[in-house]
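Trainee: Could you take me closely through the helical part of this model, and then set it against the remaining parts of the chain? I would like one connected account rather than a list.

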Amino acid sequence: MKPVSTVCRILVAVASLSLVVTYFVPVWRIDLSAPQYPEGLSMQIWLTKLSGDVDIINGLNHYIGMATLHAESFPEFAFLPYIVAFYIATGLLTALIGKRPFLLGYLILLLLGAVVALGDFYRWGYEYGHNLDPNAAIQVPGMSYQPPVIGFKNLLNFGAWSVPDSGGWIFIIAGILIAGVYIYEAFFQKEHSQKGFGKIVALVSIVWFVSGCTVESEPIQYGKDNCHFCKMGMADTKFGAEIVTKKGKVYKFDDVNCMLNYQATGDLPAAEIALQLVADFANPKTLIPVEGAFFLAGSEIHSPMNSQVAAFQSEQALQKASQDLPGEVLDWLQVSKKFKK
């Protein structure tokens, strides 16, 4: 059985020892934003405690019947430090033994730990957001307040972000490093050399880059979502727009002019935008990228905020619609200039 190279064993040891830092920094965070809290509210989750604006959040949640947040409510805090210690010790033992099967086993343990942690976080969020006090001051029939496991979600007039904090990123980077080392050892390792070390660094960099570059749109919940700019409810499934940032945050709009007017405020720098999407008039509830879409502007197009612009994924669909809705055919650049302030 061919041993793991010395350089890879050192990397495994370093990745494992880096988890020591997670005892001293928050692992996860939930950020809340709303018009009445322009600076936002934030709660940090550590291995053994909660910190941040917990008391303010508890005060707000009381009105909608959510349970209060206390460290004593999370039995996980009692054993999380021991689990992390187990991972540190197992990683160091893996580096010391230096055999590929042990490296694979350690990687599987890390992946299982991540799945279990996210599953437990989802379970907590579900119970916290669904088990509401029936005597709460504010009640919205059918409404639940489950925070997102990861990413962004609108909860009434609050925007909720759930993302890794410093400790969480250490776990992620350590996991990516271990995965990169195993992939290199299993499929690319031929000799122990500086050239081989360079391959490891390049492979880990590629894995890290790809893992951080995927952003996705979020379906518009017509009848539930509100426009981020004008705050009106979104109801017309033939219209709508969406911005997705490079960090994955989603902004929803009921009309294309609302999206452009929001961008004109400068609150969201153009450099942070990853995707701009509009609803396909011919296929309600379907979002399409603005680049390559076909737009029809005319007085007979009755959009929610009177942009009088409809978007189509294909030119054929636009031509068919224009038989009943005469207007001017535009591309995205022309639409942008039409509403530019």
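Mentor: What follows begins with the chain as a whole, moves to the helices and their core, and ends with the cavities, a pocket and a loop.

Please keep in mind throughout that this is a predicted model. The protein chain has nine helices and twelve strands, and its C-alpha atoms fill a box of roughly 75 × 55 × 30 Å when this is taken along the principal axes. Of its 341 residues, 42% count as buried, and among the contacts with a separation of 6 or more, 62% are between residues 24 or more positions apart.

The part you ask about can be approached through the UniProt record, an unreviewed entry, which lists residues 7-28, 79-97, 104-124 and 166-184 under "transmembrane region". Two of these stretches can be set beside the model: residues 104-124 are 100% helix and 0% strand, with end C-alpha atoms 30 Å apart, while residues 166-184 are likewise 100% helix and 0% strand, with end C-alpha atoms 27 Å apart.

The largest nonpolar core has 25 residues, and those with the most contacts inside it are Val12, Leu19, Leu103, Tyr106, Ile178 and Val181. The elements that give two or more residues to this core are helix H1 (6-17), H3, helix H4 (100-130) and helix H5 (166-188), and H5 provides the largest share, eight residues. Leucine 19, one of the residues with the most contacts inside the core, is in contact with Val84, Tyr87, Ile88, Tyr106, Ile170, Phe171 and Ala174, once its neighbours within four places in sequence are left aside. Apart from this core lies another, of 24 residues, among them Cys227, Ile288, Ala311 and Val335.

For a closer view of two of these helices, start from threonine 90, which lies in helix H3 (residues 76-97). Its relative accessibility is 16%, and because the limit for this class is under 20%, threonine 90 counts as buried. Leaving out residues up to four places away in sequence, threonine 90 touches Tyr106 and Leu109; the C-alpha atoms of threonine 90 and tyrosine 106 are separated by 7.1 Å, although the two residues are 16 residues apart along the chain. Leucine 109, for its part, has its place in helix H4 and is partly exposed, with a relative accessible area of 29%. Apart from neighbours within four places in sequence, leucine 109 is in contact with Phe86, Tyr87 and Thr90, and from leucine 109 to tyrosine 87 the C-alpha distance is 8.3 Å across a sequence separation of 22 residues.

Turning to empty space, a search of the whole structure finds three cavities of 30 Å³ or more. The largest cavity has a volume of about 70 Å³, and its lining is made up of Lys238, Phe239, Gly240, Asp255, Val256, Val278, Ala279, Phe295, Val309, Ala310 and Ala311. Two elements give two or more residues to that lining, strand S8 (273-279) and strand S11 (309-312), and S11 gives the most, with three residues. Ala311, which lines this cavity, is also among the residues of the 24-residue core. By class, the lining has eight nonpolar, one polar and two charged residues.

The second largest pocket holds about 910 Å³ of space. It is lined by 30 residues, of which Lys153, Asn154, Leu155, Leu156 and Phe158 are the closest to its centre. The elements that give two or more residues to its lining are strand S1 (28-34), strand S4 (151-155), strand S5 (158-164) and strand S7 (250-253), with the largest share, four residues, coming from S4. Sorted by class, the lining of this pocket has 14 nonpolar, nine polar and seven charged residues.

Finally, the loop between strand S10 (294-297) and S11 contains asparagine 306, and glutamine 308 lies in the loop between S10 and S11 as well. Asparagine 306 has a positive phi of about 65 degrees although it is not a glycine, and glutamine 308, not a glycine either, has a positive phi of about 60 degrees. As for accessibility, asparagine 306 is exposed, with a relative accessible area of 53%, whereas glutamine 308, at 27%, counts as partly exposed.

Note on methods:
Residues numbered from 1 in each chain as written. Predicted model: local features only at pLDDT ≥ 70, side-chain atom pairs only at ≥ 80, totals over all residues. Heavy atoms only, no water. Buried < 20%, exposed > 50% of the residue type's maximum accessible area, 1.4 Å probe, protein only. Contact = heavy atoms within 4.5 Å. Core = buried A, V, L, I, M, F, W, Y, C linked by side-chain atoms within 4.5 Å. 1 Å grid on protein atoms, 1.4 Å probe; cavity = no way out; pocket = protein on both sides within 12 Å on 5 of 7 lines; lining within 4 Å. Points joined across faces, edges and corners; volume = space filled by probe spheres on them. Nonpolar A, V, L, I, M, F, W, Y, C, P; charged D, E, K, R; others polar. UniProt positions renumbered as here; feature names shortened; annotations may be inferred.
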